[in-house]
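Q: Please take a close look at one part of this assembly, the place where paired chains meet through their helices, and describe it in connected prose. I would like the geometry, the residues and the surroundings of that part to be treated together.

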6 protein chains.
Amino acid sequence: MNLTHLDESGQARMVDVSEKPISVRTSTASGRVLLSEEAVAILRSGDTPKGDALGVARIAGIMGAKKTPDLIPLCHPIALHGVKVSLEIVDEGVEITARVKTADKTGVEMEALTAVTVAALGLIDMIKAVDPAAVITDVRVEEKTGGKTGDWRRS
Amino acid sequence: MNLTHLDESGQARMVDVSEKPISVRTSTASGRVLLSEEAVAILRSGDTPKGDALGVARIAGIMGAKKTPDLIPLCHPIALHGVKVSLEIVDEGVEITARVKTADKTGVEMEALTAVTVAALGLIDMIKAVDPAAVITDVRVEEKTGGKTGDWRRS
Amino acid sequence: MNLTHLDESGQARMVDVSEKPISVRTSTASGRVLLSEEAVAILRSGDTPKGDALGVARIAGIMGAKKTPDLIPLCHPIALHGVKVSLEIVDEGVEITARVKTADKTGVEMEALTAVTVAALGLIDMIKAVDPAAVITDVRVEEKTGGKTGDWRRS
Amino acid sequence: MNLTHLDESGQARMVDVSEKPISVRTSTASGRVLLSEEAVAILRSGDTPKGDALGVARIAGIMGAKKTPDLIPLCHPIALHGVKVSLEIVDEGVEITARVKTADKTGVEMEALTAVTVAALGLIDMIKAVDPAAVITDVRVEEKTGGKTGDWRRS
Amino acid sequence: MNLTHLDESGQARMVDVSEKPISVRTSTASGRVLLSEEAVAILRSGDTPKGDALGVARIAGIMGAKKTPDLIPLCHPIALHGVKVSLEIVDEGVEITARVKTADKTGVEMEALTAVTVAALGLIDMIKAVDPAAVITDVRVEEKTGGKTGDWRRS
Amino acid sequence: MNLTHLDESGQARMVDVSEKPISVRTSTASGRVLLSEEAVAILRSGDTPKGDALGVARIAGIMGAKKTPDLIPLCHPIALHGVKVSLEIVDEGVEITARVKTADKTGVEMEALTAVTVAALGLIDMIKAVDPAAVITDVRVEEKTGGKTGDWRRS
């Protein structure tokens, strides 16, 4: 099996998708930021900081999705028609989910993964003074729909 | 304890560091991309694709470090004086380490974490046709040196 | 009535437009930069500086329109098919008009407003040594055409 | 009097500041977004949307300040050591203030003006479905401190 | 004959292409970096550095193609559906070819030229310690296909 | 001799310059765009378009210099304290010179080369409808001053 980003001589390229049809595609990715009890308590404490820390991370994730082709060298610049980033505080930290939708020629898995990781980085930046040991973990595509390869769901 | 990015009324701001002295600071972060056996075998197979897949991810990580203030809403734009991103193939996937150095007024933990995560995203983009189930995990600061709060090392 | 960028729980998201049809849409926005008499006289004085100051502002506005999705957190990245920025010197300063056109799934009001404001910022940067008290004022959408909500014209 | 961004033949250039000393400089700018009564009522209504709409605008403004040298053609890329953007709902709409601080070779008036205008654009994007007639007005530098030309305050 | 980027009064604008049909278009551009014998020998010497220097330049070129509308003031932001950058070591230095493909409303000549020049800049950055006298030369469009003006080939 | 961007194992990295002193450094680069007689005549014809075509290219070059660390993978993000881009119409086309100045830890040769090439691309974009066969040639560093390696001048 070949790595599709590499041509027959192994050189990196942006794969030609000009002949692929435009179709509606979605991708959902998830991930977690593991935090100390103290950091979770602050996020949960219900005064404004909590809202803002998650709010800043959510905006970072949405804007991060738009920067995917700037960050991933061989990623196609594509239209993004919908991005939703959710953050939920749990006992171990914060769970992040990103859902991205497009009607274009390539899938949006990388955009969904980028949204999750940038939201996670944005969250860590907000609480690193409290918890310098935060960990980003379990960042992964959960499902994708649309496109020639069809639907895929993590088993 | 307060979240330093939020002012007394809980509103997000970029913290004033204008009075902080310039000092040499470093940060090392690490993370892993978990891959299927097939994907690891392809990366290990020693023909050009392997080099290029890791090489693209390495460049993505270095360039990602430079984009940190674009990605993290409240991060200061600072000088970056050295960035090194290493990728090592192991049985479970690829281990990534980023070391960032600066002589400036704030630390570079976010830059090191960003370098690791963007390298991980870049790597996944290279192999997602082979392994759509890749997972980014254990992304964390390992140590930092310099600055007023002094050295910190993950225990 | 709801804010369409916020979902039912009030969290920011990029609204899903994947099902919206592609149609030709235009938007015209305008604004003014109020300047001192001395600054207006310099802009009017007919030697090269005048042309260049307006020329730099015009280019800033056109390039600014292209950066709209980078600047506005929840704005969709869309195709821009035509951008025209006009600056006219008047007694009180400079009047700026931007007209943006696309054939895409969302309107271009934000792009037109961004073109006007960035042109205004670019102009101020050129003359702030002469007039540090310049004011940007009356930046607003004048009209839009196309899309499901149809034409709109400021009354 | 000359336009400092233009050389003796009237051609645009980025002015040489390499010999200027580094000093602490601040700038405060303000502006307003005029809104319909209905839009103000929604922003005031106290459920989550309000917080988020202002929160998104605030983040847009802070990130916008960092993009100033990308937007303003002849602006120097400089360090930003602190950025604070405040939004207050008033009867006519929203008042925006941005305060920017640096220790560098040039002033930060353009950064403060950019923070205000991008926050205003971000706010309009959040409420344009409710109020397509929003107007950005009275964007101006209120004061600056530091640098060779010294302090300046709008009279 | 007119310069199409300038309107009837000579002011720069982004030309309206909203009515142009979407069609598959390609462009190939080429260029050369002239290097010293010593630099060519190092690039040819077959250990890892050689691969990496060309690999970094190739990635720079591909990513540069995506940045074309950020770099060229009046360029339309368009979809890029395929980018391939090739570098070949010859006696005088390195020959670079870029081939860009899209299905959109405008041609991709500027994207192909940008890919070649940014790859050349990336290569020079890798070897300038060895050869500070490197020269970029003969950067030009070789051919384009598609679009209303039809195919064109350098004679 | 080694390629300084590659470490002992040949992997790309951003070289550590944190210990290098800050000093004033300049670099001048030049290049040419070869054009058809018709294109030169249009540029020379003295009505507004001429000024604007060169003006747009000049702004593109200055803004391009600021984007150097975004374009060149291993380039340090540094302060730019002065950028001047000159374009002169000659019989064969347009000669471009860029002079860049900084007080920082690394040289600005790449910034000067980037300014020249992006100005050249910007110029070609303005006249490609008239002359699709334009060629960028002879882009090279003419001299640099400052830094540990001292002054260098093309012989």
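A: Contact is taken here to mean heavy atoms within 4.5 Å, and that cut-off is needed to read the list of helix residues that follows. The model is a predicted one.

In the pair formed by chains A and B, M110(A), L113(A), T114(A), T117(A), L121(A), I124(A) and D125(A) of helix 4 of chain A are in contact with M110(B), L113(B), T114(B), T117(B), L121(B), I124(B) and D125(B) of helix 4 of chain B. Sorted by class, this contact between helix 4 of chain A and helix 4 of chain B comprises 8 nonpolar, 4 polar and 2 charged residues. As for the geometry, two packed helices are described by the angle between their axes and the distance between the axes. The axes of helix 4 (residues 109-127) of chain A and helix 4 (residues 109-127) of chain B come within 11 Å and cross at roughly 170 degrees. Angles over 145 degrees count as roughly antiparallel, and helix 4 of chain A is therefore roughly antiparallel to helix 4 of chain B.

To place this helix within its chain, chain A has 4 helices and 5 strands, and its elements follow the order β-α-α-α-β-β-α-β-β from the N terminus on. Along the principal axes, the C-alpha atoms of chain A fill a box of roughly 50 × 30 × 30 Å.

The helix contact belongs to the interface of chains A and B, to which chain B gives 51 residues and chain A gives 51 residues. The size of an interface is often given as the accessible area lost when the parts come together. Between chain B and chain A about 4,300 Å² is buried, with 72% of it on carbon and sulfur atoms. The count of salt bridges between chain B and chain A is 0.

The relation between the two copies can be stated as a rigid-body operation. A turn of 180 degrees with a shift of 0.0 Å along the axis lays chain B on chain A with an RMSD of 0.0 Å. Of the residues of chain B, T137(B) comes closest to this rotation axis, with its C-alpha at 2.0 Å. The same surface serves both copies, since 100% of the contact residues of chain B recur in chain A.

Chains C and D can be described in the same order, beginning with the helices. The axes of helix 4 (residues 109-127) of chain C and helix 4 (residues 109-127) of chain D come within 11 Å and cross at roughly 170 degrees, and helix 4 of chain C and helix 4 of chain D are therefore roughly antiparallel to each other. The residues that make this contact include M110(C), L113(C) and T114(C) of helix 4 of chain C, and among those of helix 4 of chain D are L121(D), I124(D) and D125(D). By class, the contact of helix 4 of chain C with helix 4 of chain D has 8 nonpolar, 4 polar and 2 charged residues.

Over the whole interface, the contact takes 51 residues from chain D and 51 residues from chain C. About 4,300 Å² is buried between chain D and chain C, and carbon and sulfur atoms give 72% of that area. Across the interface of chain D and chain C there are 0 salt bridges by the rule applied. Chain D is superposed on chain C, with an RMSD of 0.0 Å, by a rotation of 180 degrees and 0.0 Å of shift along its axis, and the two copies are thus related as by a two-fold rotation axis. The C-alpha of chain D nearest that axis belongs to T137(D), 2.0 Å from it.

Turning to chains E and F, helix 4 (residues 109-127) of chain E and helix 4 (residues 109-127) of chain F pack at an angle of about 170 degrees, with their axes 11 Å apart. This makes helix 4 of chain E roughly antiparallel to helix 4 of chain F. The helix residues that meet here include M110(E) and L113(E) of chain E and M110(F) and L113(F) of chain F.

Some links between the pairs complete the surroundings. The structure holds 54 salt bridges over all chains, and in one of them the side chains of K101(D) and D16(B) meet at 2.8 Å, N to O. K101(D) lies in strand 3 (residues 93-104) of chain D and D16(B) in the segment before strand 1 (23-34) of chain B, so the pair joins two chains. By contrast, no contact joins chain B and chain C, whose closest C-alpha atoms lie 9 Å apart, and chain D and chain E do not touch, their nearest C-alpha atoms being 9 Å apart.

Technical notes. Residues are numbered from 1 along each chain as its sequence is written. Chains are lettered from A and ligands numbered from 1 in the order in which they are written. This is a predicted model: local features need pLDDT of at least 70, side-chain atom pairs count only at pLDDT 80 or more; totals for chains, interfaces and linings use all residues. Side-chain values use heavy atoms; hydrogens and water are left out. Copies are superposed by least squares on the C-alpha atoms of residues with pLDDT of at least 70 in both. Axes are lines fitted to C-alpha atoms, for helices over the stretch in contact, and angles run from 0 to 180 degrees between N-to-C directions. Angles under 35 degrees count as roughly parallel, over 145 as roughly antiparallel, 65 to 115 as roughly perpendicular and the rest as oblique. Ala, Val, Leu, Ile, Met, Phe, Trp, Tyr, Cys and Pro count as nonpolar, Asp, Glu, Lys and Arg as charged, and the others, Gly among them, as polar. Buried area is the accessible area (1.4 Å probe) that two parts lose on being put together, summed over both. A salt bridge is a side-chain nitrogen of Lys or Arg within 4 Å of a carboxyl oxygen of Asp or Glu.
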